[in-house]
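Welcome! Please take a look at the structure below, and then let us walk through it together, one region at a time.

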Amino acid sequence: MSEIVKKIRAELVRFSDEKTRKQGEYYFKEEVKIHGLKSAQVEKISREYFRKLPDKNKSEIFILCEELFKSGYLEEAGIACMWSYNIRNQYMPGDFEVFENWVARYVTNWATCDTLCNHNVGTFLMMYPSSLKDLKKWALAPGRWMKRASAVSLIVPARKGLFLDDIFEIADILHSDTDDMVQKGYGWMLKAASQAHQTEVFSYVMQRKKTMPRTALRYAIEKLPAELKSLAMAKQ
């Protein structure tokens, strides 16, 4: 294990708090490993130790991120996400495989899924849209987190009005999934898309409202005007 990762872990243990750890566990249905730090403390540690890195080359950063992810601790995964996002200007097309591996091996809760995918994968996709075809394969994967990742990776691009057809295609793949984490994920993706494409998203929802799970539907229409929400939620 690298010395800097050892030092980070020592810092996380030093600043850990049992009350914060218990509070953090409340937000997860599944078992999670948490040191017990406020997010601001984790961000501060992340910034401080990133500045100390002698080599900020992408390959070196990715190796350190892998070490942090392997621990399974929420805070360490958060630092891995922050560090790998810090060097986003070094992303290359082949890095999709790195992100895919991280999602498959290390994402075990919604917080790590959303942090990694919203920012890192979302930014990557805006840089290299040709990888959207590979992202859609995640929606067909058996695991809940890979499926959720396929949707939440498009949150930031969706807010910018990008990739609407791809968003609808992923939503179609996930449409009838029974997992609430997946439903919330693709509903959130549609909600983000509605900020730039209100008419199109409303039309999409209306065409599928009879079969769309109510959880996904409620998320998808959250940003719509009240009158459109009422039409979408009305039973037929």
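Let us begin where two helices meet: Leu190, Ala193 and Ser194 of helix H12 are in contact with Gln198, Val201 and Tyr204 of helix H13. The residues of this contact comprise four nonpolar, two polar and no charged ones. If you follow the two helices in the predicted model, H12 covers residues 180-194 and H13 covers residues 198-208. Their axes come within 7 Å and cross at roughly 145°.

From Leu190 you can step straight into the interior. Leu190 is among the residues with the most contacts inside the largest nonpolar core, together with Trp83, Leu125, Leu154, Tyr186 and Met189. This core has 76 residues, and H12 gives the most to it, with eight residues. As a broader background, nonpolar side chains in soluble globular proteins tend to be buried together.

Leu125 is a good place to pause within the core. Setting aside its neighbours within four places in sequence, which residues is Leu125 in contact with? They are Phe96, Ser131, Leu132, Leu135, Ser153, Leu154 and Phe163. One of these, Leu154, also belongs to the group with the most contacts inside the core.

Now turn from the packed residues to the open spaces. The largest pocket has a volume of about 680 Å³. It is lined by 25 residues, and the closest to its centre are Ser39, Val42, Leu74, Ala111 and Thr115. Helices H2 (18-25), H3 (39-52), H5 (74-86) and H7 (110-127) are the elements that give two or more residues to this lining. The largest share comes from H5, which supplies eight residues. By type, the lining divides into 12 nonpolar, 10 polar and three charged residues.

The second largest pocket has a volume of about 190 Å³, and here we meet H12 again. Which helix gives the most to the lining of this pocket? The answer is H12, with four residues; H7 and H12 each supply at least two. Around the pocket you will find Tyr27, Phe28, Lys29, Glu30, Trp110, Asp114, Arg148, Met181, Lys184, Gly185, Trp188 and Tyr219. These lining residues divide into six nonpolar, one polar and five charged.

Looking back, H12 is a handy thread for the whole tour. H12 meets H13 through Leu190, Ala193 and Ser194, gives the most to the largest nonpolar core, and also gives the most to the lining of the second largest pocket.

Notes
Residues are numbered from 1 along each chain as its sequence is written. This is a predicted model: local features need pLDDT of at least 70, side-chain atom pairs count only at pLDDT 80 or more; totals for chains, interfaces and linings use all residues. Side-chain values use heavy atoms; hydrogens and water are left out. A nonpolar core is a set of buried Ala, Val, Leu, Ile, Met, Phe, Trp, Tyr and Cys residues joined through side-chain atoms within 4.5 Å. Buried means under 20% relative accessible area, exposed over 50%, partly exposed in between (1.4 Å probe, protein chains only). Contact means heavy atoms within 4.5 Å. Axes are lines fitted to C-alpha atoms, for helices over the stretch in contact, and angles run from 0 to 180 degrees between N-to-C directions. Ala, Val, Leu, Ile, Met, Phe, Trp, Tyr, Cys and Pro count as nonpolar, Asp, Glu, Lys and Arg as charged, and the others, Gly among them, as polar. On a 1 Å grid over the protein atoms alone, a cavity is a set of points where a 1.4 Å probe fits but cannot get out, and a pocket is an open set with protein on both sides within 12 Å along at least five of seven lines; lining residues have an atom within 4 Å of a point. Grid points are joined across faces, edges and corners, and a volume is the space filled by probe spheres set on the points.
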